[in-house]
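Q: Hey, can you walk me through the inside of this protein? I'd like to start with any empty space in there.

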Amino acid sequence: MRTQVMYSQKIRQHSGIFKDTVKAYRDAVSFFISVCLKEWDVISGEPVPKQRMNLLEKMTHPTEKRPEVPHCFDSYDPRFYKFPSYLRRAACMEAIGKVSSYKSNLANWEKEKEGKCPGLPRAGYVYPCYYRENMYEEGEEDTARLKVYIRNTWDWIAVKLRKSDVDYAGRHCAGMKQCSPTLQKRGKEWYLDFPYEVKTELSDLPVMEQKILAVDLGINSACTCSCLLSDGTVVGRRFLRLPAEEDCLWKAVNRIKKAQQHGARKTPRLWAVANGINDDIAVKTARFIVGCAEEFGADVIVFEHLDTSGKKKGSKKQRLHLWKARYVQAMTESKAHRIGIRISRVCAWGTSRLAYDGSGKVKRGKESEKCNGNYSLCEFESGKIYNCDLNASYNIGARYFIREITKSLPEKERLEAEAKDPALTKRSTCTLSTLISLNAELAA
């Protein structure tokens with residue numbers, strides 16, 4: 001499969017020189033959108049996007065063999081004279097995508113007539129893509145040449161890139177293919193966003209030969225990982241706690257609370273600090289998970305399928321709002337695919353509530369006298385005290401293997417196994433003991 005990663009390189013010195021270029025590009029997109037809306041019945045007849053772009057270009061761009069066109073792009077605006085061809089085609093593709101999306105949304109709305117009618121497409125805050133040779137050329141060391149609209153014409157300028165950004169991309173993307181960059185503005189600074197593409201082959205071992213890393217993402221602790229085999233053997237365990245980062249995060253949140261108590265409704269700078277610390281926690285967690293997978297030689301990383309939508313209630317709703325579980329999973333997926341590791345998700349119901357040894361529900365926090373209100377610990381029916389997140393990671397890994405094994409079984413064998421162990425009929429009740437009993441039944 002092909003995976004992509006994006007690295008930004010900051011443009012030094014030049015701050016206002018790209019405004020005219022971006023405005024000309026957005027006006028070009030607006031022009032092509034208006035043409036697409038008028039001629040969509042003809043353009044939509046082409047099945048391939050590239051063919052649609054060629055047809056739109058024939059309608060708008062005159063040439064020596066085609067001097068007259070229905071909608072002349074070159075005469076529409078003085079800035080479109082000598083408009084770079086690759087930039088014009090990028091604007092065509094952007095316009096076709098926006099109009100195609102609008103038409104499909106409009107068709108869906110007309111079926112049910114719920115909500116507001118979709119508005120007409122607009123260029124919005126789109127930024128130009130700088131194709132190589134025609135728009136972008138690499139210079140020596142940390143320099144580059146870009147074609148921009150300057151002094152009432154399209155001309156090349158030399159720009160300097162931040163050396164640390166160039167060196168960072170060179171170290172981390174040495175074996176990847178560098179694609180065409182996109183000009184972006186963040187705040188008052190301008191950047192070139194470079195996509196890097198790499199081809200990888202994901203692990204394709206049979207389920208009985210796989211080694212997985214089951215991950216339980218927690219609110220109190222960052223994550224707990226356990227490496228399992230298909231027979232239920234636990235190969236290794238790893239824990240990640242970030243007490244210093246968590247302390248900094250809650251100090252930043254308390255500063256926001258104190259400012260709000262004194263009448264400050266919006267505190268963007270304080271929230272920027274808190275969000276930055278929270279992002280740092282997510283990045284370190286994803287890096288730790290992928291590092292553990294490489295250490296144990298795992299073929300699959302298994303997460304819980306977490307649904308965090310809806311209104312948060314309870315004393316820990318602030319923690320749930322700041323919990324970046326989906327961001328961690330997405331970042332881990334991107335990192336894992338680059339090194340050939342698959343990602344899977346299982347049902348999250350009862351992974352922490354059920355004991356991995358099959359003894360039933362556990363007692364957590366105030367439910368148990370032995371735990372002293374500590375929700376990181378749980379008490380089994382037998383009276384054993386165990387780490388709650390580690391117990392959950394065992395069940396997460398077991399549910400993955402149970403799903404994959406039963407999916408590959410013939411119907412008769414699956415029904416016989418479910419008759420002997422009723423827990424197999426409902427995935428939300430499966431634990432590590434269920435996986436061990438399933439393997440015993442298959443071996444018998």
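A: Sure, and keep in mind that this is a predicted model. The count comes to one cavity of 30 Å³ or more.

Q: OK, how much space lies in the largest cavity?
A: About 210 Å³.

Q: Which residues are closest to its centre?
A: Glu246, Asn278, Ile281, Trp323 and Lys324, out of 18 residues that line the largest cavity.

Q: And how does the lining divide into nonpolar, polar and charged residues?
A: You get 11 nonpolar, four polar and three charged.

Q: Which helix gives the most to that lining?
A: Helix 7, with four residues. Helix 6 (243-261), helix 8 (317-322) and helix 9 (325-338) are also among those that each supply at least two.

Q: Switching topic: how many residues are in the largest nonpolar core?
A: That core has 54 residues, and Ile11, Phe18, Phe32 and Leu146 have the most contacts inside it. Strands and helices both feed into it: strand 1 (2-12), helix 4 (85-112) and strand 7 (189-199) are among the elements giving two or more residues. The largest share, 10 residues, comes from helix 1.

Q: What is Phe32 in contact with, leaving aside its neighbours within four places in sequence?
A: Leu56, Thr60, Phe73, Arg88, Ala91, Cys92 and Ala95.

Q: And what lies apart from that big core?
A: Another core, of 32 residues, including Cys223, Ala274, Ala293 and Val328.

Q: Where do nonpolar side chains tend to be in soluble globular proteins?
A: They tend to be buried together.

Methods. Residues are numbered from 1 along each chain as its sequence is written. This is a predicted model: local features need pLDDT of at least 70, side-chain atom pairs count only at pLDDT 80 or more; totals for chains, interfaces and linings use all residues. Side-chain values use heavy atoms; hydrogens and water are left out. A nonpolar core is a set of buried Ala, Val, Leu, Ile, Met, Phe, Trp, Tyr and Cys residues joined through side-chain atoms within 4.5 Å. Buried means under 20% relative accessible area, exposed over 50%, partly exposed in between (1.4 Å probe, protein chains only). Contact means heavy atoms within 4.5 Å. On a 1 Å grid over the protein atoms alone, a cavity is a set of points where a 1.4 Å probe fits but cannot get out, and a pocket is an open set with protein on both sides within 12 Å along at least five of seven lines; lining residues have an atom within 4 Å of a point. Grid points are joined across faces, edges and corners, and a volume is the space filled by probe spheres set on the points. Ala, Val, Leu, Ile, Met, Phe, Trp, Tyr, Cys and Pro count as nonpolar, Asp, Glu, Lys and Arg as charged, and the others, Gly among them, as polar.
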